[in-house]
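Got your viewer open and a selection tool ready? Let's take a short walk through this one, a stop at a time.

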2 protein chains.
Amino acid sequence: MVSTAVRAPDSRQRFIDAAIRLFARHSFAGTSLQMIADEVGVTKSAVHHHFRTREELLNAVIEPLLDGLRVAVTAAEAHRSRPARAECMLTGFVDLAVGNRVLAHVLVGDPATIEMLRSRPEVSDLVDRLFKLIADTDPGVGGWIKADMVLAGLSGGISARTRDLDDDVLRRHLLEASRRTLGLRAPRRPGPAD
Amino acid sequence: MVSTAVRAPDSRQRFIDAAIRLFARHSFAGTSLQMIADEVGVTKSAVHHHFRTREELLNAVIEPLLDGLRVAVTAAEAHRSRPARAECMLTGFVDLAVGNRVLAHVLVGDPATIEMLRSRPEVSDLVDRLFKLIADTDPGVGGWIKADMVLAGLSGGISARTRDLDDDVLRRHLLEASRRTLGLRAPRRPGPAD
């Protein structure tokens, strides 16, 4: 059975995947629904069937990331001490950044996209809680700056040089560097001499 | 004497300043020459008189930053030891990032802009040298990842929360956090107990 219409669940995901590829190349502001239609090889009205605006598409693109962030922030806030909260948040954030490398890189520096996302009160609240969990390792301006640096570094700091690294290797190095910046001790694990 | 034409040296700089403001709000891809003309309050052809394309304008915008980077990279490469080279490069980069906060933030995460800039061989070479000077503090993958994080963190890591900080305070905290990440010892200065 051959049909010219793309089937609903698949095509929705194909548009999302195409959008991520195009955002990475041209930024959100530089990507139109027409470009996404061209990338998938359908008409613009086929895209419109699923997403009326680019904003709707962007929200669909980041929804899984937001779900993950929601879970990670809530888990971190359940810990008692500030270092334990920061360590848990850091681990959760690194997992999300590594698992969504392209998207994380796209989101972090695009002012238009960030502004649009932060205009959703739920997103803005989530980002504030994430920031606080990391910044509280050093109350005051120093903690804010370290949190800014670590969060920007983790989101934007995966360049072409390290893009093909194994997830586990990348995760380990990102965690180690972030802990050093924040002055967090690594959770005790059997070392080589144990 | 009233003239409808804007004078050459002033207006060129006014277009550059307006461009930086608009890039920060809408990203490079989301900013047209028409928007820059509207922001300054002139016609599009007045902008065209100075800059034929957006690319020309972007190059004019980043030229002072590139000049600074060229000086800093060359100065750092003149040092003998790897830590001294990294420390010198770090200090120079932090000065540039703090002195050009808005622009640094705009540049770092905008894939279209970065791609366009890196297509200039001179820029690409300069960024590679900058990266190497920082990454060499820890030869191998770990050093690359730390350099990625520190450079992305320094460029993108100045959020609204810390935007109004005094240059000196911001510089001191950024340097301290970067040194911790890279495992660099701070240059000896008289401490409070000395």
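Start by selecting residues 167-182 of chain A, helix H10; helices here are DSSP runs of H or I, at least four residues, numbered from the N terminus. Its 16 residues should span 22 Å at 1.5 Å a residue, and the end C-alpha atoms are indeed 22 Å apart, so the two agree. (The expected span is 1.5 Å times one less than the number of residues.)

A word on the ground rules: this is a predicted model, where local features need pLDDT of at least 70 and side-chain atom pairs count only at pLDDT 80 or more, while totals for chains, interfaces and linings use all residues. Residues are numbered from 1 along each chain as its sequence is written, with chains lettered from A and ligands numbered from 1 in the order written.

Still on H10(A), colour the buried residues, including Leu170(A), His173(A), Leu174(A) and Arg179(A). Buried takes 20 or more other C-beta atoms, placed from the backbone, within 10 Å of a residue's own. Just after H10(A) comes Gly183(A), with a positive phi near 70 degrees.

Next, select H4(A), residues 54-77, and H5(A), residues 82-99: their axes come within 8 Å and cross at roughly 165 degrees. H4(A) and H5(A) are therefore roughly antiparallel (over 145 degrees). Among the residues making the contact (C-beta atoms within 7 Å) are Leu65(A) and Ala72(A) of H4(A), and Cys88(A) and Met89(A) of H5(A).

Stay on Met89(A): not counting residues up to four places away in sequence, Met89(A) touches Ala72(A), Val73(A), Ala76(A), Leu130(A), Leu133(A) and Ile134(A).

Key: Contact = placed C-beta atoms within 7 Å. Helix = DSSP H or I, 4+ residues; strand = E, 2+ residues; numbered from the N terminus. Buried ≥ 20, exposed ≤ 12 C-beta atoms within 10 Å, placed from the backbone. Axes fitted to C-alpha atoms, helices over the stretch in contact; angles between N-to-C directions. Parallel < 35°, antiparallel > 145°, perpendicular 65-115°, else oblique.
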